[in-house]
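Q: Please take a close look at one part of this model, the side of chain A that touches chain B, and place it within the chain as a whole.

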Amino acid sequence: MADFDAIVVGSGCAGSVAAYELAKAGKSVLVVERGNFAGAKNMTGGRIYGHCLRAVFPDNFDEIPFERKVSHERISLMSPDSNFTIDFASDELLKDGQESYTVLRGPFDQWLAEQAENAGAEYIYGIAVEKLVKDESGKVIGIFAGEDEITADVVVLCDGANSLLVEQAVGAKRVPASQMAVGVKQVFELPEEEIEKRFQCNPGEGAAWLFAGDCTHGTFGGGIIYTNKDSISIGIVAGIEATAEKATVPVYQMLEDLKNRPEVAPVLKDAKLVEHSGHMVPEGGITTMPELTADGVLIAGDNATMCVNLGYTVRGMDYAVAAGQMAGQAAVKALDAGDTSKAGLKCYIDALEDSFVMKDMRQFKNVPAFMENFDRMFCGYPEMMRDMMNTMFVVDGTPVGPMKKSMMPIVKGMGMMNLFKDVRGAMKAL
Amino acid sequence: MSDIKFTVNVDEYLSLNKYEVDESNAHIELKGGAEACDPAEFDKLIRVCPAALYKRDEDGKQSFDYAGCLECGTCRIACGDTIVEKWENPQPTMGVEYRFG
């Protein structure tokens, strides 16, 4: 007889929700979290889409400690000496089930863990699981936590982007550097009203702001700014391989340069830096996804690279919450049926395949490769946009020619074939 | 030798973070130690480590200190097959503790 019905490794978006589902169904659950509290080792940009949490917490959704509801979507194309920004606001972005929220993982993850604990899950904090316990047949039957061996009928692995256990569980190889990004972020405290003034937002609302172009000085990656309740998150997310091999400055210098940009510095003025953090983003999506089940074990969240970066939208946490919910429910089903073998856990795969999680992963299967080779987005298009905008906005008293005549050389400078190829590539990938 | 340019002092930023540093256990180890590492591989880590733990001084001497580690694992992904010989999570209750995240 195992010590627990289920063990969940990691208490982030996927793990807490999986544990919540298991505990709610009356299963004995142990969650082992390596942070001294949930969220202590986690970091996001970041923003989460509300739909996934509405599905898990229909009755107490309003209690979730969100930072701000995102009412402004901003995207900037940044060249060394210009910045072109789109600011989009829409009633549709604010509707229940379509809305998104900025979060800080400290408070957010602790709330999620609290829901699992209140439902009956037991917690061990401060210990990283280094090894899985397997029986003679190779079935996962538990974990080693420190010196202790703890057994369970099923193990749900939600150990995040830097998983050291997925390889042990399903034999997956380490994700290649070309398919992972590194995020570096700083949090700046600023009074609530000041944030609303600087970002032109209503109380409780805020902005999600993505940058492409010179913020990485031309290599694969981008900048982020998210408004929290009384702080601003600012960061860089950069492809690890591209940065390691081609970046002209280190990632932390990219962040420093972004902070000092004339478009960005005013929003951070007099704000107090309170934290400097780093985390990986598994941007490979389905191309790097490991097997999601093996005998006795399920995998959900960042460790399964359930993440997409479309350039204008970055998603991972909503996939993790949904996958955590499905993993928890599938584990319950398998426990009830008395079969937690790979075959018994197939209901998890079926549920995922039937949901937006795997459907999106398949839809966006070509995005990582497209983005990786989209060099002109990081150096080229921001400059083209600058030149076009300068043509429109610069007035110096010299006679103005026909717009077509002044615009065409700029576009031609990029190469019509290049433009055509990129538009076609984007259409195919997205 | 690299010409990676930076002006920012990340150590000052790290000092704002909360850490429980495990003085007796290095959770990351480089093959043969930082000084002996292939400079081209070491450059990669200088570029990608968000905590600027991989350093090269004016004399070209390479050094690495795990104490300010943010535990992101980027060095493991970048150079896990070359100079990053060991990457483990810190011992129980040790390491960085994000208050905001």
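A: An automatic or database domain assignment divides chain A into domain 1 (4-65 + 104-175 + 286-363), domain 2 (178-282) and domain 3 (371-429). The model is predicted: local features need pLDDT of at least 70, side-chain atom pairs count only at pLDDT 80 or more, and totals for chains, interfaces and linings use all residues. Residues are numbered from 1 along each chain as its sequence is written, while chains are lettered from A and ligands numbered from 1 in the order in which they are written.

The centres of domain 1 and domain 2 of chain A, taken over C-alpha atoms, are separated by 28 Å. Their contact takes 16 residues from domain 1 of chain A and 17 residues from domain 2 of chain A; two residues are in contact if their C-beta atoms, placed from the backbone, lie within 7 Å.

The contact between the chains takes 45 residues from chain A and 32 residues from chain B. On chain A, the elements that give two or more residues to this side are helix H3 (105-118), strand E11 (180-189), helix H6 (240-246), helix H7 (251-259) and strand E15 (272-282). Here helices (H or I, at least four residues) and strands (E, at least two) are DSSP runs, numbered from the N terminus. E15(A) provides the largest share, eight residues. By type, the residues of the side of chain A that touches chain B comprise 21 nonpolar, 17 polar and seven charged. Ala, Val, Leu, Ile, Met, Phe, Trp, Tyr, Cys and Pro count as nonpolar, Asp, Glu, Lys and Arg as charged, and the others, Gly among them, as polar.
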